[in-house]
Amino acid sequence: MIAAPDRRAGFARWRRRSRLIRLLRIALPVSIFLIFAGMAGAVAYNTFGAEPPPPKDTNAPIRLVNPRFVGRDDKGRAFLLTAVTATRDPQEYQRVLLDHPALVLDEEGTDPLRVTAHEGVYNEGDGKLEVHGGVRLSGAKAAFDTAASLFDTKTGELVGSGPIQGSGSLGEITAKSYGVYGKGERMIFKGGVHTRLDSK
């Protein structure tokens, strides 16, 4: 026979468990519903609310890093043109803007002539390369500094304007313009030419 106090305590425990079970029967479905609602909201936000990626700029200029152009003039003489970067002019498609171009004339010969500059423009239409800013011509026999130069990839001729100053095995020379012809075998200086020959 169970005493009255024990029956009351057992009934109280039963009521507490019963309340807990009722609470869990409500709380668990509500928690599951809130979790699924949150997931659905996140998916909907990412699908409809997120900003679309910015469209690609189709008008952005074409840019090459470390480009390398190889060609021959109309007499079959090889030349090599490199640069740090080459960017096609978006306003004039055949113009290619060069950063620190380096041109090697008669690359396969015994005495190639190298031309370097800070900037350059290569025109694919007429095959002419203009360089300016710190232009330097250097070969085995001499080196020259000038303001600007123009190389015709078709004829292989190189001409320059602006003060030119150079030195070689024979001495020093200054002039206002120059031209390189015949695979670099012949150089012509014009305008206020001054030379100083060193005696051997």
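The C-alpha atoms at the two ends of residues 23-45 lie 32 Å apart. This span is 100% helix and 0% strand. The UniProt record, an unreviewed entry, places a "transmembrane region" at residues 23-45. The model shown here is predicted.

**The whole chain**

The chain holds one helix and 14 strands. It has 200 residues, and 27% of them are buried. The exposed area is about 13900 Å². Carbon and sulfur atoms supply 58% of that area. Now take the contacts between residues at least 6 apart in sequence: 33% of them join residues at least 24 apart.

**The nonpolar core**

Which residues have the most contacts inside the largest nonpolar core? They are Leu 98, Leu 103, Leu 129, Leu 137 and Leu 158. The core has 24 residues. Several strands give two or more residues to this core, among them strand E3 (78-82), strand E5 (95-99), strand E9 (128-138) and strand E10 (142-152). Strands E11 and E12 (171-181) are also on that list.

Look at Leu 98. Beyond its neighbours within four places in sequence, Leu 98 is in contact with residues including Phe 69, Leu 81, His 118, Tyr 122 and Leu 129. Ala 83, Thr 85 and Ala 86 are also among its contacts.

**Two buried residues**

Phe 151 lies in strand E10. Gly 166 lies in strand E11, which covers residues 158-168. Are these two buried or exposed? Phe 151 counts as buried because its relative accessibility is 3%, under the 20% cut-off. Gly 166 has 7% relative accessibility, so Gly 166 counts as buried too.

Each has a partner 29 residues away in sequence. The table gives the C-alpha separations.

| Pair | Separation in sequence | C-alpha to C-alpha distance |
|---|---|---|
| Gly 166 and Thr 195 | 29 residues | 9.5 Å |
| Phe 151 and Tyr 122 | 29 residues | 9.3 Å |

What does Phe 151 touch, leaving aside its neighbours within four places in sequence? Its contacts include Phe 79, Leu 103, Leu 105, Leu 129 and Leu 158. Gly 127, Lys 128, Gly 156 and Glu 157 are in contact with Phe 151 as well. Of these partners, Leu 103, Leu 129 and Leu 158 are among the residues with the most contacts inside the core.

Gly 166 has its own set of contacts. Leaving aside neighbours within four places in sequence, Gly 166 is in contact with Ala 143, Phe 144, Gly 171, Glu 172 and Ile 173.

Definitions and conventions:
Residues are numbered from 1 along each chain as its sequence is written. This is a predicted model: local features need pLDDT of at least 70, side-chain atom pairs count only at pLDDT 80 or more; totals for chains, interfaces and linings use all residues. Side-chain values use heavy atoms; hydrogens and water are left out. Helices (H or I, at least four residues) and strands (E, at least two) are DSSP runs, numbered from the N terminus. Buried means under 20% relative accessible area, exposed over 50%, partly exposed in between (1.4 Å probe, protein chains only). Contact means heavy atoms within 4.5 Å. Accessible areas come from the Shrake-Rupley method with a 1.4 Å probe; for residues, only the protein chains shown count as cover. UniProt positions are given in the numbering used here, feature names are shortened, and annotations may be inferred rather than shown by experiment. A nonpolar core is a set of buried Ala, Val, Leu, Ile, Met, Phe, Trp, Tyr and Cys residues joined through side-chain atoms within 4.5 Å.
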